[in-house]
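Reader: Before I accept labels such as buried, core or salt bridge, I would like to see the reasoning behind each one. Please take them in turn.

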Amino acid sequence: MEGINSIHARKSNNSKPISFIKDPDDDNSISSNPNRTANILNEHFASVGPKLANKLPSVQSNYFYVLNRYNSPDTSFASNLVTPTQVKLEISRTPNNKSHGLYSCPNQILKCASNVISNTLAEIINLSISTGVYPNKLKMAKIVPIFKIDDNTDPSNYGLISLLSTRFNRIFEKLIFKRMESFIEQNNQFSPSQYGFRKTISTQHAILDIVSTIQTNMDKHLFSCGVFIDLKKAFDTVNHNILLHKLDH
């Protein structure tokens with residue numbers, strides 16, 4: 001990462017306090033008011049995704065690729081309950097140096113109390129899975145804007161990181177992720193074109209597939225054409241209706 005940053009002339013310390021920011025509601029004049037700065041950044045991050053998504057072309061059927069490609073699983077994801085022992089194991093695996101946000105506690109306290117709270121946490125996690133409801137307080141995050149490059153008074157030149165209640169959210173995340181990953185693998189719901197975030201498969205396999213396709217075409221005296229797309233604000237423009245429909249399926 002340091003090598004990449006040096007090539008792009010990026011400074012390693014990009015979390016300095018923000019003293020000035022352009023105010024879009026005041027003809028982009030420079031604001032130095034801390035409260036206004038926080039609101040400007042908040043409004044930018046809250047609106048940038050929907051603004052970009054509204055520019056995307058509409059699709060007649062958002063779900064055709066799910067309905068045509070995959071058969072719905074016969075079993076329920078919610079049937080695989082979390083046990084107190086599994087909760088204690090995840091607590092013991094939590095790194096001590098993890099940054100934490102709201103409604104959290106020091107890691108040492110969490111680990112010392114694991115025998116006492118593991119039963120209750122297991123009940124809460126199982127209730128969350130069975131009802132499809134995630135605790136509201138664990139959704140609250142401390143937002144930290146991180147300067148990327150160019151003009152440091154332009155809100156669009158900042159990314160953000162969200163510090164959740166890392167201790168409890170991490171336990172939720174790890175236990176649910178393991179169940180979801182296993183469930184999707186067992187029911188053959190992964191696309192064969194998905195290489196990232198899967199066991200025994202990596203993005204290197206995508207490169208190998210590309211090279212293999214090119215070599216096959218060369219042997220057949222055919223041309224190969226590759227199109228590489230970098231999506232702007234890809235995470236912010238995810239269609240939540242499509243995502244929820246796939247999860248429901």
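Author: A residue counts as exposed when its relative accessible area is over 50%, as buried when that area is under 20%, and as partly exposed in between. The model discussed here is predicted.

Reader: Why is Thr200 called exposed or buried?

Author: Thr200 has a relative accessibility of 75%, over the 50% cut-off, so Thr200 counts as exposed. Thr200 is placed in the loop between H7 and H8, and its phi is positive, near 60°, in a residue other than glycine.

Reader: What makes His221 exposed or buried?

Author: His221 has a relative accessible area of 72%, which is over 50%, so the label is exposed. His221 comes after H8 and lies in the loop between H8 and H9. The phi of His221 is near 60°, a positive value in a residue other than glycine.

Reader: Which residue with positive phi follows H6?

Author: Gly132 follows H6, with a phi near 75°.

Reader: How do you know that the length of H6 agrees with that of a helix?

Author: The 18 residues of H6 should span 26 Å at 1.5 Å a residue, and the end C-alpha atoms are 25 Å apart, so the two values agree. For H8, with 17 residues, the reach from first C-alpha to last is 25 Å, close to the expected 24 Å.

Reader: Which residues of H6 are buried?

Author: Ser114, Ser118, Leu121, Ala122, Ile125, Asn126, Ser128 and Ile129 are buried in H6. For the protein as a whole, 24% of the 249 residues count as buried.

Reader: What makes a group of residues a nonpolar core?

Author: The members must be buried nonpolar residues joined through side-chain atoms within 4.5 Å. The largest such core has 14 residues, and Val82, Val87, Ile91, Ile125, Ile171 and Leu175 have the most contacts inside it. Helices H4 (84-93), H6 (114-131) and H7 (166-186) each supply at least two residues of this core. Leaving out residues up to four places away in sequence, Ile125 touches Val82, Val87, Ile171, Phe172, Leu175 and Ile176. Another core, of five residues, lies apart from the 14-residue one, and its members include Ile21, Ile40, Leu41 and Phe45.

Reader: Why is the pair Lys178 and Glu90 called a salt bridge?

Author: The cut-off is a side-chain nitrogen of Lys or Arg within 4 Å of a carboxyl oxygen of Asp or Glu. The closest N and O atoms of Lys178 and Glu90 are 2.5 Å apart, within 4 Å, so the pair qualifies. This pair links distant parts of the chain, with Lys178 in helix H7 and Glu90 in helix H4, 88 residues apart.

Reader: How do you know whether Glu90 and Lys178 are buried or partly exposed?

Author: Glu90 has a relative accessibility of 3%, which is under 20%, so Glu90 counts as buried. Lys178 is at 35%, between the two cut-offs, and therefore counts as partly exposed.

Reader: What else does Glu90 pair with, and where is that partner?

Author: Glu90 also forms a salt bridge with Arg93, the closest N and O atoms being 3.6 Å apart. Arg93 and Glu90 are three residues apart in helix H4, so about one helical turn separates them. At 46% relative accessibility, Arg93 counts as partly exposed.

Reader: What makes Glu43 and Arg36 a salt bridge?

Author: Their closest N and O atoms are 3.6 Å apart, which falls within 4 Å, so the pair counts. Glu43 is at 36% relative accessibility and counts as partly exposed. The structure holds seven salt bridges.

Reader: Why is Val238 eligible for a surface patch?

Author: A patch residue needs over 30% relative accessible area and no salt bridge. Val238 is at 37%, over 30%, so Val238 passes on area, and the label for Val238 is partly exposed. Val238 is placed in the loop between helix H8 (203-219) and H9. The nonpolar patch, of about 430 Å², is made by Met180, Val238, Leu243, Leu244 and Leu247. Helix H9 (residues 240-248) gives the most to this patch, with three residues.

Notes
Residues are numbered from 1 along each chain as its sequence is written. This is a predicted model: local features need pLDDT of at least 70, side-chain atom pairs count only at pLDDT 80 or more; totals for chains, interfaces and linings use all residues. Side-chain values use heavy atoms; hydrogens and water are left out. Patches are made of residues with over 30% relative accessible area and no salt bridge: like charges are joined within 9 Å, nonpolar side chains (Val, Leu, Ile, Met, Phe, Trp, Tyr) within 5 Å. Accessible areas come from the Shrake-Rupley method with a 1.4 Å probe; for residues, only the protein chains shown count as cover. Helices (H or I, at least four residues) and strands (E, at least two) are DSSP runs, numbered from the N terminus. Buried means under 20% relative accessible area, exposed over 50%, partly exposed in between (1.4 Å probe, protein chains only). The expected span of a helix is 1.5 Å times one less than its number of residues. Contact means heavy atoms within 4.5 Å.
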